[in-house]
Amino acid sequence: MYIEKIDSPKDLKKLNVEQCVVLADEIRYALLHAISATGGHLSSNLGIVEATIALHYVFDSPTDKIIFDTSHQCYTHKILTGRKDAYLEPKQYKKYSGYTNPDESVHDYFKLGHTSTSISLACGLAKARDLRGDKENVIAVIGDGSLSGGEAFEGLNFGGSEIRGNLIILFNDNQMSIAENHGGMYESINALRMSKGETPNNIFRFLGYEYKYIGDGNDLMNLIPIFQQIKDIDHPIVLHMCTMKGKGYDVSEQKREETHFVKSFDLKLGDVQQKIAGERYDLIVRDFLLEKMKADRNVVIMTAAMPVTLSLSEELRKQIGEQYIDVGIAEEHAISMAGGIARNGGKPVFFTRSTFFQRAYDQISQDVCINKLPITMILINSSVYAATDMTHIGTFDIAMMSNIPNLVMLAPTNKEEYLAMLDWSIEQDEYPVAIRPPRNGIYHADYEVNRDYSVINKFQMTIQGEEIAVIALGDFYQLGEEVIKLIRDEIHVNASLINPRYASGIDEILLNELSETHRIIITLEDGILEGGFGQKISAFYGNTGVKVLNYGLKKEFVDFYDTREILGRNRLKPNLIVEDIMRQIQR
């Protein structure tokens, strides 16, 4: 097989075009077997096999620089740049990350996992090249879904007029984001596609680029000559390339949305749908919101190209109609638009992954919180138990958001509390609210949960004890339950357990009461410690004799971590916490 002989792009260049076509089939075969075994981005990688081969066949990486937007479509690139073993050898399947990573190869320039950044990064590489007086090619590979992000527009706007030398934007048009595309820009792109690039309504030419249309981006015989023609071009150009997302695998071609990212599955059966037994928060919250919308047309749910986060199928999205809003990959716009909806009497609920809220910090602070607009934000995967790759870690949001004035950040501990908080947030009209859904499993309340959270920062004492108090936030509440049991067994003290509920403030009345009967306070939070919830408690007790031990995550980027290992390293296990308490008592 040709794939076994490829250790670098230099080896690829030894093949003729017909052999490259065979190589594409071999790569697709390898991708299907590796991804079906481990999970990963499937349809996006299958769709760009030929284009990646053509890029490395024509251009001279790493001198010529290729930047893959989001980089979840970089698997073929990795195969061609010395990392094929991770796709050919089952024991090596998890050797490398699913994104570009300069620590792995000189052919990767950035660690990327968030979208819409490639054009801006390419502009920077091109500018630095021009300052040095060099001539290498700089290629940004960006999909039509990513083009909906605000930074992509900013990069396009700058690159077409301000970069005077080589800048190649390979626009991969597969008519899909994760789900369908949203926004008026896609009418223009569709017109370009239908006219084979001939319509005068051309956004790329308007912004100063030369433009070429490639009707079949899965045809190597067609791609390679075009890339050869524009190699070493001395001005910015957009290559509008149409591809098939999921190309070469019938299941993926037919279920492009469902196979954007998959967990491991049976390749022979082609069953990519994950059947998870028991209750699931995505379905629980989805069904709750569907009922809310039926009862009240003012309730709208919003997402930024992530309907999968709440398992909102295409059929359900059509049923919801105008009460469902997908803004594309534009979190900044989503937050500000939600603020406008709230100001005019609507009840917006915006959900996306915790890590994506980072892109909208300014809008959360300036547009929403300064104006005290009552929007609801659901921070999916805000947990050490969620995504483990460094670009999607969900443990920074407490430190990022909880210190913004006027924002109420809630951390439910069980299903009933979560739904009660969500319902309160939707119906109240005083505060912007962020909710961190639990990720440690679904637990049920064995008590009547509160329905009203308008008395801000009111903690809940769930077990009254003495000497030692454990304040356990959100989905670390169950860890707190384990800790107080072990305290009772090992130290023979009946400790207090507190559900703080609010991550954005402290209950000074309760904390003062605790200081009269407790001498050690333990805080537990599913987030980084620096700037987080526990440090607020430590600051409160700073001038007293009460000793506070904070437990959470270290502020660091970790990549594809083992959850049990990182919990142990941060001493987030009952026996380690009790060891620390005993050591403190003995001092």
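Student: Is Asn222 buried, exposed or partly exposed, and why?

Tutor: This is a predicted model, and the general idea is that a residue counts as buried under 20% relative accessible area and as exposed over 50%, with partly exposed in between. Asn222 has 27% relative accessibility, and therefore it counts as partly exposed.

Student: Where does Asn222 lie, and which residues does Asn222 touch, not counting residues up to four places away in sequence?

Tutor: Asn222 belongs to helix H11, which covers residues 220–230, and, once residues up to four places away in sequence are set aside, Asn222 touches Ile214 and Asp216. Separation along the chain and separation in space can also be read side by side: Asn222 and Ala54 are 168 residues apart in sequence, while their C-alpha atoms are 9.5 Å apart.

Student: How many residues of strand E17 are buried?

Tutor: The same cut-off of under 20% relative accessible area applies to each residue of a strand. In E17, residues 518–528, 10 of the 11 residues are buried, so the strand is largely enclosed by the rest of the structure.

Student: Which strands pair with E17, and in what sense do they run?

Tutor: Strand E15, residues 467–472, runs parallel to E17 and is joined to it by six bridges, and E17 also pairs in the parallel sense with strand E18, residues 547–553, over six bridges. Ile520 of E17 can be followed in both pairings, since it is the bridge partner of Ile468 and has Lys547 as its bridge partner in E18. From E17 the chain passes through helix H21, residues 533–540, to reach E18, and this β-α-β crossover is right-handed.

Methods
Residues numbered from 1 in each chain as written. Predicted model: local features only at pLDDT ≥ 70, side-chain atom pairs only at ≥ 80, totals over all residues. Heavy atoms only, no water. Helix = DSSP H or I, 4+ residues; strand = E, 2+ residues; numbered from the N terminus. Buried < 20%, exposed > 50% of the residue type's maximum accessible area, 1.4 Å probe, protein only. Contact = heavy atoms within 4.5 Å. Pairing = 2+ DSSP bridges. Right-handed = clockwise from strand over helix to strand, strands pointing away.
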